[in-house]
Amino acid sequence: MKNLYRLWHGELALQNAFWNWAVFGGFTINVASSGLFLFLIMADRPISALIVGYTFSVPYNVIVLVGVWRSADQFTGERRWADLARIVTVVGMVLLSVT
């Protein structure tokens, strides 16, 4: 929970926030919620599928997006890496949230 707090406040290194939380964590959370969504759809439970499909992934994606954005503010390296991390995270999290 402490790392989630640190992510939200931009206290994690940009590399950690981007790779561990946005890329790997985002992939894991979104694949798992999509799998549960498909399972519940096939079980003819569309309302449950909708709730499960978005209850976990969308809040996670928002937290990660804010965390990467704030970590990019603190980044002391080349600005292009911070900007690229922001762009990739925004595009990725939006796509993962709406599909």
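**Close-up 1. A salt bridge joins Asp73 and Arg86.** In this predicted model, the two side chains meet with N and O 2.2 Å apart. Asp73 lies in helix H4 (residues 57-74) and Arg86 in helix H5, so the pair ties together parts that are 13 residues apart in sequence. Asp73 is partly exposed, at 47% relative accessibility. Arg86 is buried, at 12%; the cut-off for buried is under 20%. Side chains of opposite charge can pair when their charged atoms come close.

**Close-up 2. The surroundings of Arg86 in helix H5.** What does Arg86 touch, leaving aside residues up to four places away in sequence? The contacts are Trp69, Ala72, Asp73 and Arg79. One of these, Asp73, is also the salt-bridge partner of Arg86. The relative accessible area of Arg86 is 12%, so this residue counts as buried.

**Close-up 3. Glu78 pairs with Arg80.** Here the closest N and O atoms are 2.7 Å apart. Glu78 is partly exposed, with 46% relative accessibility. Arg80 reaches 51% and counts as exposed, because exposed means over 50%.

**Close-up 4. Arg6 and Glu11 form a salt bridge.** The N to O distance is 4.0 Å, and the cut-off for a salt bridge is within 4 Å. Both partners have some accessible area: Arg6 is partly exposed at 28%, and Glu11 is partly exposed at 43%. How many salt bridges does a search of the whole structure find? The search finds three.

**Close-up 5. The largest nonpolar core.** This core holds 15 residues. Which of them touch the most other members? They are Leu7, Leu14, Trp21, Ala22, Val64 and Val68. Helices H2, H4 and H5 are the elements that give two or more residues to the core. H2 gives the most, with five residues.

**Close-up 6. Trp21 in helix H2 (residues 14-42).** Trp21 is among the core residues that touch the most other members. Leaving out residues up to four places away in sequence, Trp21 touches Asn3, Leu4, Leu7, Leu12, Asn16, Gly26, Tyr60 and Val64. Leu7 and Val64 are also among the best-connected members of the core. How far apart in space are Trp21 and Arg45? Their C-alpha atoms are 30 Å apart, and the two residues are 24 places apart in sequence.

**Close-up 7. The contacts of Ala22.** Ala22 is another core residue among those with the most contacts to other members. Beyond four places away in sequence, Ala22 touches Ala17, Phe27, Val64, Val68, Thr89 and Met93. Two of these, Val64 and Val68, are listed with Ala22 among the best-connected core members. Val64 also touches Trp21.

**Close-up 8. A nonpolar patch on the surface.** Which residues form this patch? They are Trp81, Leu84 and Val88. Together they have about 270 Å² of accessible area. Val88 sits in helix H5 (residues 79-98). With a relative accessible area of 40%, Val88 is partly exposed. Arg86, by contrast, is a buried residue of helix H5.

Technical notes. Residues numbered from 1 in each chain as written. Predicted model: local features only at pLDDT ≥ 70, side-chain atom pairs only at ≥ 80, totals over all residues. Heavy atoms only, no water. Patch = residues over 30% accessible without salt bridge, like charges linked within 9 Å, V, L, I, M, F, W, Y side chains within 5 Å. Areas by Shrake-Rupley, 256 points an atom, 1.4 Å probe, with all protein chains shown as cover. Helix = DSSP H or I, 4+ residues; strand = E, 2+ residues; numbered from the N terminus. Buried < 20%, exposed > 50% of the residue type's maximum accessible area, 1.4 Å probe, protein only. Contact = heavy atoms within 4.5 Å. Core = buried A, V, L, I, M, F, W, Y, C linked by side-chain atoms within 4.5 Å.
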